[in-house]
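Here is a briefing for a reader who is meeting this structure for the first time. It takes up the pocket and then the ligand.

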Amino acid sequence: MATPAIRTRGLTKHFGRTVALEDLDLDIRSGEIFGFLGPNGAGKSTTIRLLLSFLRPTRGSAEILGVPVSDVARVHRHIGYVPGDVALWPQLTGAETLHLLGRLSGRVDLAFREELVQRLQLDPSRRVRTLSRGNRQKVALVAALQSRPDVLLLDEPTAGLDPLMEEEFQAVARDAAARGQTIFLSSHILDEVEDLCDRVGILRAGHLVEVAALDDLRALHTTVVEVQLDGEVPAFTDVPGVTDVERVDGGVRLSVTGPPGPLLERLAHLPVTRLRTEEPSLEEIFLTYY
Ligand SMILES: Nc1ncnc2c1ncn2[C@@H]1O[C@H](COP(=O)(O)OP(=O)(O)OP(=O)(O)O)[C@@H](O)[C@H]1O
Ligand SMILES: [Mg+2]
């Protein structure tokens with residue numbers, strides 16, 4: 001197997017009696033967009049700080065591209081990050097900040113920086129201190145992205161971005177992944193990772209409770225289908241995967257779990273006038289783990 005972009009084994013962090021992270025095993029491949037989900041206090045930022053070697057683990061190990069994260073000089077050449085609480089020099093302008101952070105990372109394509117500034121609609125001439133939270137967040141994002149690092153560690157990167165900018169961030173992130181960059185991002189907003197991520201890990205009180213491809217996660221769960229019919233409503237209870245059949249005005253409402261093929265075959269022979277499906281949101285899926 002190719003060297004994973006990120007690998008952790010038994011990664012654990014205790015703060016006194018607080019278990020911030022317990023026995024985390026993760027393998028994230030290059031080019032993957034991985035969403036790290038959990039409510040406040042679950043241990044997301046702790047994990048990212050451990051990967052950055054800002055914190056020392058209580059036990060366990062973490063590697064980025066096969067290099068132990070404690071080898072800071074080697075690892076940091078490969079990573080870009082945005083902390084959860086963006087702290088920048090208030091007196092510098094956006095442009096000065098990007099220049100300074102770009103020089104630290106050593107290899108910035110100025111045309112690419114300019115493209116990111118345009119796409120995220122950042123005004124680089126303004127001093128950071130005068131920027132709103134969302135605009136400061138954009139400076140931090142451009143700073144992390146501008147050197148096209150192999151691995152991006154982003155702690156709630158879209159907190160503070162408006163929906164349009166969030167969409168643009170997602171497009172930028174997809175472009176990065178398409179180039180082979182790996183993105184590890186934390187979130188407690190499920191909708192945003194639902195569109196973006198290939199897989200998600202769900203963290204609860206320091207414990208990883210599930211890692212799943214989003215498609216698999218959805219397949220485990222149920223889609224509600226409402227069918228309006230012109231005429232007789234037949235029984236559906238014999239269709240594989242179908243449950244909770246309920247008559248409604250002009251049709252039927254039912255749940256289907258697993259592949260919808262058998263239901264679709266049945267429907268194909270009926271005078272269906274309207275079909276409405278409700279996918280469970282990640283929120284609903286997520287809540288079933290609690
Ligand atoms: N420096 C620290 N000292 C003591 N406890 C800490 C420290 N940093 C984090 N913790 C605790 O570790 C746990 C995990 O915190 P962490 O910041 O990783 O959560 P999070 O998932 O990032 O939450 P949020 O969504 O609020 O950002 C919490 O119980 C927190 O109080
Ligand atoms: Mg956090």
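On a 1 Å grid over the protein atoms alone, a pocket is an open set of points where a 1.4 Å probe fits, with protein on both sides within 12 Å along at least five of seven lines, and its lining residues have an atom within 4 Å of a point. This is a predicted model, in which local features need pLDDT of at least 70, side-chain atom pairs count only at pLDDT 80 or more, and totals for chains, interfaces and linings use all residues. Residues are numbered from 1 along each chain as its sequence is written, and side-chain values use heavy atoms, leaving out hydrogens and water.

**The largest pocket**
- The volume of the largest pocket, taken as the space filled by probe spheres set on the points, is about 540 Å³.
- Its lining has 19 residues, and those nearest the centre of the largest pocket are Gly80, Tyr81, Leu101, Leu104 and Ala143.
- Two or more lining residues come from each of β6 (79–82), α3 (94–105) and α5 (133–145), where helices (H or I, at least four residues) and strands (E, at least two) are DSSP runs numbered from the N terminus.

**Ligand 1**
- Around ligand 1 there are 13 residues, of which Gly41, Gly43, Lys44, Ser45 and Thr46 come nearest; a residue counts as near if one of its heavy atoms lies within 4 Å.
- α1 gives the largest share of this shell, three residues.
- An oxygen atom of ligand 1 lies 2.8 Å from a side-chain N or O atom of Ser45, and an oxygen atom of ligand 1 is 3.1 Å from a backbone N or O atom of Ala42.

Terms used
Chains lettered and ligands numbered in written order. Polar contact = N/O pair within 3.5 Å; in protein donor to acceptor, adjacent residues only side chain to side chain.
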